[in-house]
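Visitor: Please take a close look at one part of this model, the open sheet and what packs on it.

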Amino acid sequence: MAEKNDLMDKIVSLCKRRGFVFPGSEIYGGMANSWDYGPLGVELKNNIKQAWWSRFVKQRDDMVGIDAALIMNPKVWQASGHLQNFSDPLVECKKCHMRYRQDKLPEKCEGCGGKEFSEAKMFNLMFQTYIGPAQEQANVAYFRPETAQAMFVDFKNVLDTSRKQLPFGIAQQGKAFRNEITPGNFIFRTREFEQMEIEYFIKPPQNDEDWNNVFEMWRGEMKAWMTEVLGLKWEHVHELEVPKDELAHYSKRTIDFEYHFPFGVSELYGLAYRTDFDLKNHMESSKQDIRYTDPQSGEKFIPHCIEPTWGVDRSVLAVLCEAYDDSNPENIILHLPAKLAPYTVAVFPLLKNKEQLVGKAREVYKDLQKHFNVAWDDRGNVGKRYYSQDEIGTPFCVTVDFDTVEKDDCVTVRNRDTKEQPRIKISELADYIKKSLQ
Ligand SMILES: [Zn+2]
């Protein structure tokens, strides 16, 4: 990880230059704090999401997934408290009407230099829209500000169809929307973002140990995810135990996992014990019996819930910050974990005007595509192609040369990090690369 102040600028520039992340709507002058994932960014992001789904849903017996609607019945947000409480205090410049969060108010207005501001007003962060053609209050709806509520709202349906017994969790990945007053820091804080969340349900605890054991289990899982999957150095992560007097009224314990981003230590993930707050509210509000029935005792109760939550875009950003290496400015390298890299392998013919080399290289390329995301490059010389692949984090480069076609049916496999270049039989190539992904 480069320790320079302009690291963020360099990462933003690389993201644009190589097609990871573009400014949104750029041909129209862009739109403040909106970003689009380009061809490489979408691969990196999808690899992160798939690794998460595989690890926390597919490979666990105590988890199931859902994919709920973005726009839910507005009563959901009444029951969850978002309609009443999901607000920031907002002040307005009296001269040019630019708005600021009260806690982030500059001395002088950044728009006009004015010094007079209005009284603070509460501003709800939910994006409002209308269902159907008539724009009237009865048709008001909201884009979800978090994915979590769907796991509570769908709890009974999941229970009835999956036959899961406590403890078990419901997972979801998807977009959420918050009308942030002060977004910023590239893809760190945007108004439209993606979450990966789990609501993990347990029996009502008899004592603190009952829930804390599960809390600690998830704390360990989140740490393992950051270090083993994302490749973050643990010394770049800070666990903030939220002080008791700052906890949400329904939470008994919350840990914020913060990452040492170039712009400062900022929240990456969260883990909270939410008691039975959400299910209880939805049961009261919907007047439906969504209780769990214990299969042994027949007893009915509302489960409690531990909530680990991950930001997708923040994961992408942390991975990029961790992986970025410009210690040799001529050869920028993204040391991405092999499993997450947009391309696992790139294939080159040594020379692009030798038909026998190009033909063989195309064969190798096509074959590897059955297993991996593969890049093709025949421009310039091999050294330049290596640099180009290093910059987007491709862990392996395969070169087909004259020995390949005339002698040994082997290719040179160049390793991004070790720079080793063993010759590997084409018939063993896919397995050789697969091993590195485990
Ligand atoms: Zn102003």
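Guide: What follows describes the sheet, its helices and the core. This is a predicted model, in which local features need pLDDT of at least 70 and side-chain atom pairs count only at pLDDT 80 or more, while totals for chains, interfaces and linings use all residues. Residues are numbered from 1 along each chain as its sequence is written.

The open sheet has five strands in the order S21-S20-S22-S23-S24, with mixed pairing. Helices (H or I, at least four residues) and strands (E, at least two) are DSSP runs, numbered from the N terminus, and two strands pair if DSSP finds at least two bridges between them. At the edges are S21 (374-376) and S24 (423-425), each pairing on one side only. Strands S22 (residues 396-400) and S23 (residues 410-415) are antiparallel, paired over four bridges; Phe-396 stands opposite Asn-415 in S23.

Helix H10 (residues 355-369) lies across S20 (345-349), S21, S22 and S23, at about 165° to S20. Axes are lines fitted to C-alpha atoms, for helices over the stretch in contact, and angles run from 0 to 180 degrees between N-to-C directions. Helix H13 (residues 426-436) also packs on the sheet, touching S20, S22, S23 and S24.

Val-345 is in contact (C-beta atoms, placed from the backbone, within 7 Å) with residues including Leu-368, Phe-396, Val-398 and Ile-433, leaving aside neighbours within four places in sequence.

Definitions and conventions:
Contact = placed C-beta atoms within 7 Å.
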